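Trainee: Please take one part of this model and go through it closely: the shell around ligand 2. I would also like to know where the elements that line it sit in the rest of the fold.

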Amino acid sequence: MSQTNLPEASTIAILGAGAWGSALAKLAKTNQHRVTLWSRQSSQSLAEAIAGSDMIVSAISMKGVASIAQQLQAIPLPEETILVSATKGLEPITGNTPAQIWRKALPHHPIVVLSGPNLSKEIEAGLPSATVVASDDAQAAQIVQTAFASKNFRVYTNSDPIGVELGGTLKNVIAIAVGVCDGLQLGTNAKAALITRALMEIIRVGSYFGARPETFWGLSGLGDLLATCNSHLSRNYQVGFALAQGKQLDEAIASISGTAEGVNTAHVLIGIGDRENIAVPVSRYVYRLLNGEINPQEAVEGLMERDLKSES
Ligand SMILES: NC(=O)C1=CN([C@@H]2O[C@H](COP(=O)(O)OP(=O)(O)OC[C@H]3O[C@@H](n4cnc5c(N)ncnc54)[C@H](OP(=O)(O)O)[C@@H]3O)[C@@H](O)[C@H]2O)C=CC1
Ligand SMILES: O=C(CO)COP(=O)(O)O
């Protein structure tokens, strides 16, 4: 399909009017869709905002997903309405991904995950970028692809939704680690080693959950690691950088605008790693640092002094 042809106009409701929801709304408007951007602050009710939507896109922070999904359950919706999950996080206690929450709440709807190296400020500025839309429902993924693709936003489909979702979610913890690495001025070799070993860790966790390893070499895995680990625009990276400057976690969080999902994800991930016996050394040191058990320098020493092992 040529991207010079505008996709047919759809009615799209975007839930979550923060940085990411607003950027997605702008992308959808570029393609002439009728767009409603909704948050808890909106004058419209949720039911009014989604009325007549062909597609509902959730760009809500992890902490709000379950309650909004529950509210949507109570609103009659045609079964063909596509739900697109753009949140990158894990639910505390259950460890569910956002798409798993949507699937449980609205089992009869097509669910599509949207994830990739998508720093919202760059997208708002109209810079070129690419993303992935993943679903078990190939047709739904293609509809979302067509709806959002434009000359500055290249959208790929993928049939491994859990892999695409975990790639975007788990890299947030690593972006905190790399923010620490850069904040301590540990150099390019250290950063390359950290990102590469972290990718192995992400693949280990993803494989346990049934994701395909090769998915993590794509945009939502390696691609998003490269974006967030190399940019001061990443809030997760900023949290790590601030910790390396000696800030306490609450100060670091207060110093960024918006949500740094990696903080909560680290806690949920370590719970899963402990329960399922999955080795996640980089994420574990991030978790210990966030908990105040160690300082940034001790995290570096701990990672460097681990038992010697083979690379695989
Ligand atoms: N910013 C980015 O570059 C990207 C972000 N993401 C992901 O998108 C998600 C949102 O990020 P971002 O837009 O940056 O975050 P923001 O903090 O800018 O916005 C969060 C949005 O979630 C809503 N929200 C928060 N808590 C609740 C709740 N308890 N109930 C209902 N709504 C709630 C907020 O609503 P209210 O205004 O009412 O508080 C707000 O609209 C995150 O998971 C993030 O990882 C993914 C790709 C890129
Ligand atoms: O996920 C993102 C870019 O793909 C945004 O990263 P931060 O949440 O760290 O800002």
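Mentor: Helices (H or I, at least four residues) and strands (E, at least two) are DSSP runs, numbered from the N terminus. The model is predicted, so local features need pLDDT of at least 70 and side-chain atom pairs count only at pLDDT 80 or more, while totals for chains, interfaces and linings use all residues. Residues are numbered from 1 along each chain as its sequence is written, and chains are lettered from A and ligands numbered from 1 in the order in which they are written.

Now the shell. Around ligand 2 stand K88, P117, N118, L119, N172, A175, D224, A227, T228, S234, R235 and N236; a residue counts as near the molecule if its C-beta atom, placed from the backbone, lies within 6 Å of it. Helices α7, α9 and α10 (235–244) each give two or more residues to this shell, and α9 gives the most, with 3 residues. By type, the shell has 4 nonpolar, 5 polar and 3 charged residues. Here Ala, Val, Leu, Ile, Met, Phe, Trp, Tyr, Cys and Pro count as nonpolar, Asp, Glu, Lys and Arg as charged, and the others, Gly among them, as polar.

The shell draws at least three residues from each of domain 1 (11–159) and domain 2 (167–304), with bounds from an automatic or database domain assignment. The centres of the two domains, taken over C-alpha atoms, are 25 Å apart. Between them, 21 residues of domain 1 are in contact with 25 residues of domain 2, contact meaning that the C-beta atoms, placed from the backbone, lie within 7 Å. On the domain 1 side, α5 (120–124), β6 (129–134) and β7 (153–158) each give two or more residues, and β6 has the largest share, 3 residues.

β6 and β7 also belong to an open sheet of 7 strands with mixed pairing, in the order β2-β1-β3-β4-β5-β6-β7; two strands pair if DSSP finds at least two bridges between them. Because β2 (34–38) and β7 stand at the edges with a single partner strand each, one side of each has no neighbour in the sheet. β5 (residues 111–115) pairs with β6 in the antiparallel sense over 3 bridges, and L114 stands opposite V133 in β6.

Two of the shell's helices pack on this sheet. α7 (residues 161–183) touches β5, β6 and β7, and its direction makes about 35° with that of β5. α9 (residues 219–229) touches β5, β6 and β7 as well, with its direction at about 150° to that of β6. For these angles, axes are lines fitted to C-alpha atoms, for helices over the stretch in contact, and angles run from 0 to 180 degrees between N-to-C directions.
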